[in-house]
Structure formats: C-alpha cells, structure tokens
Amino acid sequence: MDIEARRAAAVCTQCHNVIAVRILRDETVQPIGIDGRCACGNETYRVLGTDPLAADEDGDSGSPGRSPD
C-alpha cells in the first residue's frame with residue numbers, strides 16, 4: 001500500500017493535548033501511535049504551524065534568535 005504523507009504536530013480541539021500526526025495526500029489527519037482518539041475521547045485535531053494568523057504584522061512568527069523591536 002503506497003501512502004504519501006507528511007508528519008506534523010497537531011493539537012486536540014477539545015483538551016489541547018499535542019500529538020504527532022500524519023497528513024495524507026487527501027489532507028486527512030491521522031494520529032501516530034494512538035487509535036485515532038485523544039485520551040479525552042475527541043477525534044478532531046488542528047495541525048500546528050499552518051495558521052496564517054500566527055504570524056505578526058511583519059509576517060514573522062517570532063522565531064527564536066530574533067529580538068523584539
């Protein structure tokens with residue numbers, strides 16, 4: 001079975017627990033190492049690092065090593 005996927009971190013939309021996930025070609029989010037449900041019972045996750053609102057007005061997400069202006 002040939003599955004192309006990328007790995008990412010995701011947060012449970014209910015309890016905010018962070019887990020590792022695979023993002024499949026069809027954008028399905030598949031938790032790694034658990035049966036699909038968070039410990040709280042939720043099955044919905046938000047992938048981290050993809051939210052355009054996370055960047056400030058300069059377009060920088062505040063990466064380490066950059067001092068505030």
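Okay, let me start with one residue: Glu43 is partly exposed, with a relative accessible area of 48%. Before I go on, keep in mind that this is a predicted model.

So what does Glu43 pair with? Arg37 makes a salt bridge with Glu43, and the closest N and O atoms there are 3.0 Å apart. Arg37 is partly exposed too, at 44% relative accessible area.

How many salt bridges does a search of the whole structure find? It turns up 2. Besides the Arg37 and Glu43 pair, there's one between Glu27 and Arg6, where the closest N and O atoms sit 3.7 Å apart. That pair ties together distant parts of the chain: Glu27 is in the loop between strand 2 (18-24) and strand 3 (29-31), while Arg6 belongs to strand 1 (residues 5-12), and the two are 21 residues apart. As for accessibility, Arg6 comes out partly exposed, with a relative accessible area of 43%.

While we're in that loop, have a look at Arg25. Arg25 also lies between strand 2 and strand 3, and with a relative accessible area of 61% it counts as exposed. Its C-alpha atom is 6.0 Å from the C-alpha of Glu4, and those residues are 21 apart along the chain.

Next up, the cysteines. How many disulfides does the structure hold? The count is 0. Take Cys15: it's in no disulfide, and the nearest cysteine sulfur, that of Cys38, is 3.5 Å away. Cys15 is partly exposed, at 38% relative accessibility. Now Cys40. Why is there no bond from Cys40 to Cys12? Because the sulfur of Cys40 is 3.6 Å from the one in Cys12, its closest cysteine sulfur, and that's too far for a bond. The cut-off for a disulfide is 2.5 Å between the sulfurs. Cys40 is partly exposed as well, with a relative accessible area of 33%.

On to the inside. As a bit of background, nonpolar side chains tend to be buried together in soluble globular proteins. Here, the largest nonpolar core has 8 residues: Ala10, Cys12, Ile19, Val21, Ile23, Cys38, Tyr45 and Val47. Strand 1, strand 2 and strand 4 (45-47) are the elements that each give two or more residues to this core. Which strand gives the most? That's strand 2, with 3 residues. Notice that Cys12 and Cys38 are both on the core list, and we met them a moment ago as the sulfur neighbours of Cys40 and Cys15.

Let me zoom in on Val21, one of the core residues. Not counting residues up to four places away in sequence, Val21 touches Arg6, Arg7, Ala8, Ala9, Ala10, Val29, Gln30, Pro31 and Ile32. So Arg6, the salt-bridge partner of Glu27, shows up among the contacts of Val21.

Last stop is Asn42, which sits in the loop between strand 3 and strand 4. Is Asn42 buried or exposed? At 12% relative accessibility, Asn42 is buried. Its side chain makes a polar contact of 3.1 Å with the side chain of Thr13, and it also reaches the backbone oxygen of Thr44 at 2.8 Å. If you leave aside neighbours within four places in sequence, Asn42 is in contact with Cys12, Thr13, Gln14, Gly36 and Arg37. And Arg37 brings us back to the salt bridge with Glu43 that I opened with.

Notes: Residues are numbered from 1 along each chain as its sequence is written. This is a predicted model: local features need pLDDT of at least 70, side-chain atom pairs count only at pLDDT 80 or more; totals for chains, interfaces and linings use all residues. Side-chain values use heavy atoms; hydrogens and water are left out. A salt bridge is a side-chain nitrogen of Lys or Arg within 4 Å of a carboxyl oxygen of Asp or Glu. Helices (H or I, at least four residues) and strands (E, at least two) are DSSP runs, numbered from the N terminus. Buried means under 20% relative accessible area, exposed over 50%, partly exposed in between (1.4 Å probe, protein chains only). A nonpolar core is a set of buried Ala, Val, Leu, Ile, Met, Phe, Trp, Tyr and Cys residues joined through side-chain atoms within 4.5 Å. Contact means heavy atoms within 4.5 Å. A polar contact is a pair of N or O atoms within 3.5 Å; within protein, one must be able to donate a hydrogen and the other to accept it, and residues adjacent in sequence count only if both atoms are side-chain atoms.
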